[in-house]
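Work through the exercises below with the coordinates open. Each task is followed by its solution.

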Amino acid sequence: MKLLEDRIVKDGIVGAGNVLKVDCFLNHQIDVALISELGKEFYRRFQGEGINKILTIEASGIGIACLTAPYFNVPVVFAKKSKTKNIAGDVYVSKVTSFTHGTTHDIIVSKKFLNKNDRVLIIDDFLARGQALLGLIDLVEAAGATVVGAGIVIEKSWQEGAKLIRERGIRLESLARIASMDVDTGVTFVKD
Ligand code: 5GP
């Protein structure tokens, strides 16, 4: 998506450890008009699929999901990152190792908010090694619901996440696909 690629080139900062910082429009300050355009694009790609729920993960996914949901006219559910052990039976639990922090934690969703009739679109900001997305897919599958697809704002295509998700047979739509990035030379995109 050209609008997004242009914004990444203009404002993205390539940091150490394969991390792209997009704090000024996505991860800290949010450019609502831009993210709303991304939501419209997710709708264009996934409309007609009977999606009745959007699932994301706190924190950065929430804003994107909430600016996407109005196009589908569906609610947003976000998985919570839990530091305590969850033994209660009223939540679905999966494990995620954070790409940016390197720590592993449980993610949870209340059983009240995911059920077997749901057709779920999963939304997140980045796809790197795929751990966040695989954790979210686990939660949907634990509920017996259907993953219609995954909508990602920025895919770092050289990392294994995209391949892992496609191998699971999940439809993946990434609005910007980064082929490579370098502190000195910046970002290059996958050419479709
Ligand atoms: P994965 O689980 O696919 O390895 O990583 C996805 C998660 O890690 C995203 O939810 C995002 O929060 C974070 N992440 C991965 N790569 C980047 C990056 O380059 N920049 C930022 N800001 N976050 C990232």
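The exercises go from the whole chain to one glycine.

The model is predicted: local features need pLDDT of at least 70, side-chain atom pairs count only at pLDDT 80 or more, and totals for chains, interfaces and linings use all residues. Residues are numbered from 1 along each chain as its sequence is written, and side-chain values use heavy atoms, with hydrogens and water left out.

**Exercise 1.** Count the helices and strands, then judge the compactness of the chain.

Solution. Take helices as DSSP runs of H or I with at least four residues and strands as runs of E with at least two, numbered from the N terminus. The protein chain then has six helices and 10 strands. Next, compute the radius of gyration over C-alpha atoms and compare it with the globule rule, 2.2 Å times the number of residues to the power 0.38. The radius is 16 Å, close to the 16 Å that the rule gives for 192 residues, so the chain is as compact as a globular protein of that length. Along its principal axes, the C-alpha trace spans about 50 × 35 × 30 Å.

**Exercise 2.** Find what share of the residues is buried.

Solution. Buried means under 20% relative accessible area, exposed over 50%, and partly exposed in between, with a 1.4 Å probe and protein chains only. Buried residues make up 46% of the 192 residues.

**Exercise 3.** Locate Gly48 and classify its exposure.

Solution. Gly48 sits in the loop that links α3 (32-46) and β3 (53-57). Its relative accessible area is 82%, so Gly48 is exposed. The C-alpha atoms of Gly48 and His105 are separated by 35 Å, and these residues are 57 residues apart along the chain.
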